[in-house]
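Please open the model in your viewer and keep the sequence panel beside it. The tour below moves from one selection to the next and says what is there at each stop.

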Amino acid sequence: MHVQALDARTINALANISPEHYYAFVSATQDSVVTAWREMAACHAAACAALEHDLGERHGLGVSDFEVLERLTESQERKFRAQDLAEAVHLSQSALSRLVDRLARHGLVERCGCEGDRRGVYVVLTEAGEQRHAEAVPTHRGVLARTLPAAMLTAANNPPE
């Protein structure tokens, strides 16, 4: 379900596939809902593979690393309750905990306790994390611009009224 479930060989193989050639192999007799699902899944796989490759090569970040930094930069106080952050980035609590451990080792985030609830933990963006995110944003946006279908980008730029 998550790109983390893919092993490195799979990610590398997918990262080297040109988006123009990454087709959702569907027979002409398939139900249109199945066809749409397969096309969306193929698009997601290609975008995730390209993001893993480019963010990793240029910034030392994975897709989930970037998404955590992105969510933290979007929050007013540059922090998120760990439980809410896990839900926002579609990770289990344990997967988020391991990811936060890794980001904290690199000085990109910190953990701090929640004053109102001793069991609660906040993940807080550091200045280094904010800087790494800012450096990675153009790469992230560029990959999305070249891997997402033009119709999807057009729809995103012209939301229904």
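## Starting at threonine 147

Begin by selecting threonine 147, which counts as buried because its relative accessibility is 10%, under the 20% limit for that class. This threonine 147 lies in helix H6, and the model you are looking at is a predicted one. Now add histidine 44 to the selection: threonine 147 and histidine 44 are 103 residues apart in sequence, yet their C-alpha atoms are 9.0 Å apart in space.

## The whole chain

Zoom out before going further. The protein chain holds seven helices and three strands, and from the N terminus on its elements follow the order α-α-α-β-α-α-β-β-α-α. Of the 161 residues in the chain, 35% are buried. Among contacts in the chain with a separation of 6 or more, 54% join residues that are 24 or more positions apart.

## Along helix H6

Select residues 127-147, which form helix H6. Its 21 residues, at 1.5 Å a residue, should span 30 Å, and the end C-alpha atoms are indeed 30 Å apart, so the expected span and the model agree. Within H6, look for a kink of about 40° at alanine 136, shortly before proline 138. If you colour the buried residues of this helix, you will mark Gly129, His133, Ala136, Thr139, His140, Val143 and Thr147.

Next, centre on threonine 139, which is also in helix H6. Is threonine 139 buried or exposed? With a relative accessible area of 9%, threonine 139 is buried. Leaving aside its neighbours within four places in sequence, its contacts are Asp54, Leu55, Arg58 and His59.

## Where H2 meets H6

Keep H6 on screen and add helix H2, residues 32-59. Two packed helices are described by the angle between their axes and the distance between the axes. For H2 and H6, the axes come within 9 Å and cross at roughly 145°, and H2 passes H6 in a right-handed crossing. On the H2 side, the residues that make the contact are Cys43, Ala47, Ala50, Leu51, Asp54, Leu55, Arg58 and His59, while H6 contributes Arg132, Glu135, Ala136, Thr139, His140, Val143, Leu144, Arg146 and Thr147.

## The largest nonpolar core

Which residues touch the most other members of the largest nonpolar core? Select Leu61, Val68, Leu96, Val109 and Val123, which hold that place among the 24 residues of the core. At least two core residues come from each of H2, H3 (63-74), H4 (82-88), H5 (93-105), strand S3 (117-125) and H6. Helix H3 gives the most to this core, with five residues.

Centre on valine 68 and show its surroundings: apart from neighbours within four places in sequence, valine 68 is in contact with Leu85, Val89, Leu96, Leu99 and Leu103.

## Helix H3 and threonine 73

Select H3 itself. The 12 residues of H3, at 1.5 Å a residue, should span 16 Å, and its end C-alpha atoms are 16 Å apart, which agrees. Helix H3 is mostly covered, since nine of its 12 residues are buried; those to colour are Val63, Ser64, Asp65, Phe66, Val68, Leu69, Glu70, Leu72 and Thr73.

From that list, pick threonine 73, which is found in helix H3 and is buried, with a relative accessible area of 15%. Not counting residues up to four places away in sequence, threonine 73 touches Arg78, Leu125 and His133.

## Two loop residues with positive phi

Follow that contact to arginine 78, whose place is in the loop between H3 and strand S1 (79-81). Arginine 78 has a positive phi of about 60° although it is not a glycine, and its relative accessible area of 27% makes it partly exposed.

For the last stop, select histidine 90, in the loop between H4 and H5. Histidine 90 likewise has a positive phi, about 60°, without being a glycine. How does histidine 90 count, buried or exposed? At 52% relative accessibility, histidine 90 counts as exposed, because the limit for that class is over 50%.

Technical notes:
Residues are numbered from 1 along each chain as its sequence is written. This is a predicted model: local features need pLDDT of at least 70, side-chain atom pairs count only at pLDDT 80 or more; totals for chains, interfaces and linings use all residues. Side-chain values use heavy atoms; hydrogens and water are left out. Helices (H or I, at least four residues) and strands (E, at least two) are DSSP runs, numbered from the N terminus. The expected span of a helix is 1.5 Å times one less than its number of residues. The bend at a residue is the angle between axes fitted to the seven residues ending there and the seven starting there. Buried means under 20% relative accessible area, exposed over 50%, partly exposed in between (1.4 Å probe, protein chains only). A nonpolar core is a set of buried Ala, Val, Leu, Ile, Met, Phe, Trp, Tyr and Cys residues joined through side-chain atoms within 4.5 Å. Contact means heavy atoms within 4.5 Å. Axes are lines fitted to C-alpha atoms, for helices over the stretch in contact, and angles run from 0 to 180 degrees between N-to-C directions. A crossing is left-handed if the near helix is turned anticlockwise from the far one by less than a right angle, and right-handed if clockwise.
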